[in-house]
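Thanks for asking me to look through this one with you. Have the coordinates open beside you as you read, and we can walk through the parts together.

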Amino acid sequence: MLQQIEGSRAVAETVALCRPEVVCAYPISPQTHIIEAVGVMVKEGRLSPCEFINVESEFAAMSVAIGASATGARAYTATASQGLLYMMEAVYNAAGLGLPIVMTLANRAIGAPINIWNDHSDAMAVRDSGWIQLFAETNQEAADLHVQAFRLAEELSVPVMVCMDGFILTHAVEGVDLLDQASVDRFLPPYEPRQVLDPEHPVSIGAMVGPEAFPEVRYLAHLRQLDALHRIPAIAEEFLTATGRQSGGLVHSYRTEDADTIVVAMGSVLGTIKDAVDIRREAGERIGVLGITSFRPFPARAVRQALSGASQIVVLEKAFSIGHGGVLATDVAMALQGTNCIIREVVAGLGGRPITRQSLVALFYKAAQGELGALLFLDLDMDVVDREVERMKANRRSGPSAENVLRDLGVTRGEGALS
Amino acid sequence: MNQRPFAITLDVGSSRSNHTGSWRVERPNYVNRLPPCNNACPAGENIQGWLYEAESGDYEAAWRTLVEENPFPAIMGRICFHPCESACNRVQVDEAVGINAVERFLGDYALEHGLRLPDAGPATGKRVLVVGAGPAGLSAAYHLRRQGHHVRLVDSSAQLGGMMRYGIPAYRLPRAVLDAEIQRVIDMGVEVMLNHNVDDIEIERESGRFDAIFLAVGAQLGKRVNIPAGDSARILDAVSFLHEVADENPPLLGRRVVIYGGGDTAMDAARTARRLGATEAVVVYRRNQEKMPAHVEEYEQALGEGVTMRWLSTINKVDADKIVIEKMRLNAEGFPEATGEYEELGTDAVVLALGQDTDLSLLARASDIEVNDGSVQVAENLMTNGRGIFAGGDAVPAERTATVAVGHGKKAARGIDAYVRGATPEPVAKHALAEFATLNTWYYSDAERTQRPELEKVRRQDNFEEVVLGLTERNALFEARRCMSCGNCFECDNCFGVCPDNAVLKFSDGTYEFNLDYCKGCGICAHECPCGAIEMVPERI
Amino acid sequence: MTKRPVRFYQVGSFAVGNRLLSDEERTVQSDPDRTNSIDSGHRACQGCGEALGARYALDAAMRATNNQLVAVNATGCLEVFSTPYPETSWRIPWLHSLFGNAPAVATGVAAALRVKGQSEVRVVSQGGDGGTVDIGFGCLSGMFERNDDVLYICYDNEGYMNTGVQRSGATPPAARTATTDVVGPQPGNTFGQGKDLPRIAMAHDVAYVATATVADLHDLEAKVERAMAFRGARYLHVLVPCPLGWGSAANETIHVARLAKETGMFPVFEAEYGVVTSVSKIRHQTPVEEYLKLQKRFAHLFGKNPRPEIVAHLQELANRNIARYGLIDREETPAARHASTSEEPA
């Protein structure tokens, strides 16, 4: 039933339809509304049987989920930013133990400086943890991805993180068509754990593994993610059949058929990018968009296929590996090895800096002119940077100037201040 | 359920393929050590063994274990001076286990329930002459019958028992008990000849009727000393005195009696004199209490019954109604020296309790049997120089107690058995002593010894009723359970429980085994074994 | 007292077994068919107190729950020596996740069992002192505060032994560890630091808190059984000597634990809903020296340059425990009378 609903609420309602048995929560913005809503449903008895556990930290939240999942319960939690980092050890552990936990990540910047607004730094920080990471473009997709996430997680015994942009999606009220219980029940069978703590069939879960088997354990985990590359589109296809809705999958292409330039991005910013692309298309530029839904596993083949016709790829991402550059861009570059594609990295929206259609239109224009450098910070305030660089010069006797640093990174003056 | 994850999830039992026994540099070993009580028992009783049975309340089994070595528990439980208790390791925890009291309880239990000694062994056709029906002779007869030999037991007295009857007063050993336990031995098929003197051992030897002879003639002659005495002075020796009392023909002593000597016989004589009506019974002894050979229980009983002591005194002269005493002092070596100070003491009779000698006139013609200092010389197996002639009890050099004599009887029987079968006696292998340091006494409950009840003093004045009474069943059980089972496993499960590697196997019959596949040799089992029944021995690496 | 009354027998109530007791009265450990929750072949050091304590506690928990038990384990010696791939020593369902999260994982397990209606299956969470009083403390406190149906067992060997004997919040004052070396004017661990977790647990008003040692099996088993009679959060703190970390002889593990109790260094008691309900009295009071001298971690207090003032300080701490918990009945034995004189303030 289509309704105007807050993104967090839509996710909460959908998670409840998935019949989670243990939900644990520690509040952190911008995840709070999701977990509050689930809590209310449990307390009201609308979601039952379900244990809702108010824990003392995110570390405990993931740990409770681990215990619950290992005991055969469908476990769910949600977090963001610092919370994800605080539970980081348990995040890796859940994946290592192969426990099909589903977690919503309301993407948010990481401090210091403390910042509650959206970017993808948190998700990038755990990209190597072994979790499947799916990025939602809209609240409809965010809601739908949770149903698919449980299905995928439990099929493969791998935890799945559904990433949705903090505030931009979580707190946005828009039209979402919520599924009904019967549809979800048809799509998502009861959890059949691959391993479980059972007094009748005792096993030891969580052994210490040394050099003699550790690489194999890791490689097997990798194989499971490669499996996921097949299962993710298949499940999305099934979902389409069942609901008539296109949600999930590995990648989504938009107007790429004849594109010379393709913009690659993840999450809600795809909507703005599509609008900007539409404007540039009207101006006659051959430009398209590739949205990546599955960041882990990274669908290199699908990406390469989708980008194969283009000569220039602009990877626009809300994260930045300090001292290196884009994170998604690196993965895209790997996927395009051996092609003649030029890759341009654009870092945008850090700490919630708005990514405006206007900026994007200007950016794409410049791209069409072949004027983009290797790495660009969208809408960087160079006056501020200049002042700080000067101040640093005055206080430091030696060492590379900030300007030199930027040059080393392939950023030349003037490119940063594109607006 | 799907396949479990590789390496991360493991199946039960998989660690058992890791044999940690290879870490071991020492291995535990179950041992039996000799409990100090057993070691000290002159009769060689397996005290720890029968206490173990008694602990579970199986008194018959306990008694059967006991009579394997000694057929007289009810007697021993009354008259033995229990060196076992002096040796008992429990002394170092609180007080010795009341072994003697439990032994008596078991003896009385057997009499009350009419338990019979084991049957005699299948007849061997060998004949043994036992001369003297005291504790040594009776004990030898018992063991010889069990071995299947024919026994002729002869004694010059009218009744069996030797010094147990004629030396020990009835208030210490009631005659009913004595008679019953002796009769049980005789019932095994012992040929008895009483009032029969063997005057010359050569006659018996030459007769060829016996394959072996055991001399258990005792020490029946009271020692005399030369004391100037007036014509009407009344001087008796304690052995004769007690013998006459035992024959219910007590001599007249008068009201004031002096007993000369400081041994148990002196105490017996003094206490007997009190019971016969003496208002004063004074023990005169040339040394002090510390040097007195009498056992402290006997001494204390005597004091309790009104016997008085004159320490450091010798009798110089005896007259009709008084004696003269010279005071002594101990020199640096602890020997008494005369002081030249004299004192008179009014007295009606003097009983000499200065020790006993053995009447060995029957050996006059047996020149091959060596006699030294009034004692028959014997080898380890108690055989004299005369082949086939054994000797034991008070007649050989040893401590003169009934228990020693019982032990001699057993040892002689073993020697005779080997001799008549033409075998060399098997040396009895002895385990190492279970010393206190090998125990871990933490595990034993704090439990103070149960005291035996005693007959009220006022009721002892004029009769020979038994003074020290027996334990109730409950008390005997309690006392038995105080035993620490030194050196011998009593199935406490400690080793089974305390092993961090589950490397001790426990079987349903109460035995254990080390599983050396997994034992790392930490030694906790040995350290925590309450009774020291586990030792650690180096691995040969 | 939660102890089963044992009739007086040769070994009283102190040895593991007693052939004269009925089967019901015997300890779990004396049963030839006990679970052996932690099986042979584990790689604990010789004389490991923790391996022993874990088997004692879990076997008792198995009996108390009719074998319906699940265990969660923190990282540490116990985890490492029991489950090196490809061999596990656990005969019960067992889960290891991380060092600091065992109480929270157990919360999850308990929640799953509850939601699945398997309330007969009970949860034990366990770890060493580092995993309990330090890194796992937040999760433990949370578990207590929520009153989750978990028995948490801390096997306290007073330091980080798995990583090579470093100080934890449970390391006693003056003890040598790799991070509190015996150098400088205050050798060993600092006085006035450390956490008393049983009392902190009591402050959470959980149903049951108890301490025990591997030296008194009967007491330990009775406490596990008692703990299993409650629902909600419970805490059991078991002292388990570590021959490696303490520098004690491998065969003296139980002996050392016994002395920890008999000196008053480690008070043994139990509490319900925040109130002490019973204490294990000291049986033969022993000066702390006798406990300390068995351990090389205290060797710097003796020998060539003895530090009697530090020993006296430790004795004061023991005396404080004795007074706080009433570990000695004043009018009891001459030994107790003697001991009490040294306790009086000068």
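Here are my numbered points on the domains, the sheets, the core and the contacts between chains.

1. A word on the kind of model first. This is a predicted model, so please read everything below as a description of that prediction.

2. Let's begin with how chain A is divided. Its domain assignment gives domain 1 (2-243) and domain 2 (251-408). The C-alpha centres of domain 1 of chain A and domain 2 of chain A are 28 Å apart. Across this boundary, 25 residues of domain 1 of chain A are in contact with 21 residues of domain 2 of chain A.

3. Which elements of domain 1 of chain A supply at least two residues each to the side that touches domain 2 of chain A? They are α6 (121-125), β6 (132-135), β7 (160-165) and α9 of chain A. The largest share, five residues, comes from α9(A). Sorted by class, this side of domain 1 of chain A has 15 nonpolar, six polar and four charged residues.

4. Chain B is assigned domain 1 (14-32 + 489-538), domain 2 (127-221 + 357-420) and domain 3 (226-352). Note that domain 1 and domain 2 of chain B are each written as two segments. Between the C-alpha centres of domain 1 of chain B and domain 2 of chain B there are 49 Å.

5. Chain B also has an open sheet that is worth a look. Its five strands follow the order β8-β15-β9-β10-β11 (chain B), and the pairing is parallel. At the edges sit β8 (235-237) and β11 (308-310) of chain B, each of which pairs on one side only. On average, neighbouring strands in this sheet are turned by 25° against each other, direction ignored.

6. Within that sheet, β9 (residues 256-260) and β15 (residues 349-352) of chain B run parallel and are joined by four bridges. If you would like one pair to find on screen, V257(B) has A349(B) in β15(B) as its bridge partner.

7. Two helices of chain B lie across these strands. Helix α11 (residues 238-246) of chain B crosses β8 and β15 of chain B, running at about 75° to β8(B). Helix α12 (residues 264-275) of chain B lies across β9, β10 (280-284) and β15 of chain B, and makes about 165° with β10(B).

8. Now for the nonpolar interior. The largest nonpolar core has 407 residues, and those with the most contacts inside it are V22(A), V162(A), F214(B), V351(B) and V109(C). What does V351(B) touch, leaving aside its neighbours within four places in sequence? Its contacts are L236(B), A238(B), F241(B), V257(B), I259(B), Y260(B), A269(B) and A273(B). In soluble globular proteins, nonpolar side chains tend to be buried together.

9. A second open sheet draws on three chains. Its ten strands have the order β1(B)-β9(A)-β2(C)-β1(C)-β3(C)-β4(C)-β6(C)-β5(C)-β7(C)-β8(C), with mixed pairing. The edge strands, each pairing on one side only, are β1 of chain B and β8 (275-279) of chain C. Neighbouring strands here are turned by 20° against each other on average, direction ignored. Helix α3 (residues 102-115) of chain C packs on the sheet, where α3 touches β1 (69-73), β2 (94-96), β3 (122-128) and β4 (150-156) of chain C. The direction of this helix makes about 170° with that of β3(C).

10. Next, the place where chain A meets chain B. The contact takes 17 residues from chain A and eleven residues from chain B. On the chain A side, β9 (203-205) and α9 (214-243) each supply at least two residues. By class, that side has eleven nonpolar, four polar and two charged residues. Strand β9(A) pairs with β1 (residues 9-11) of chain B in the antiparallel sense over three bridges, and I205(A) stands opposite T9(B) in β1(B).

11. Last comes the contact between chain C and chain B, with 41 residues from chain C and 46 residues from chain B. The elements giving two or more residues to the chain C side are α1 (49-64) and α9 (253-262) of chain C. The largest share of that side, four residues, comes from α9(C). Its make-up by class is 17 nonpolar, 18 polar and six charged residues.

Note on methods: Residues numbered from 1 in each chain as written. Chains lettered and ligands numbered in written order. Predicted model: local features only at pLDDT ≥ 70, side-chain atom pairs only at ≥ 80, totals over all residues. Contact = placed C-beta atoms within 7 Å. Nonpolar A, V, L, I, M, F, W, Y, C, P; charged D, E, K, R; others polar. Pairing = 2+ DSSP bridges. Axes fitted to C-alpha atoms, helices over the stretch in contact; angles between N-to-C directions. Core = buried A, V, L, I, M, F, W, Y, C linked by C-beta atoms within 7 Å. Buried ≥ 20, exposed ≤ 12 C-beta atoms within 10 Å, placed from the backbone. Domains from an automatic or database assignment.
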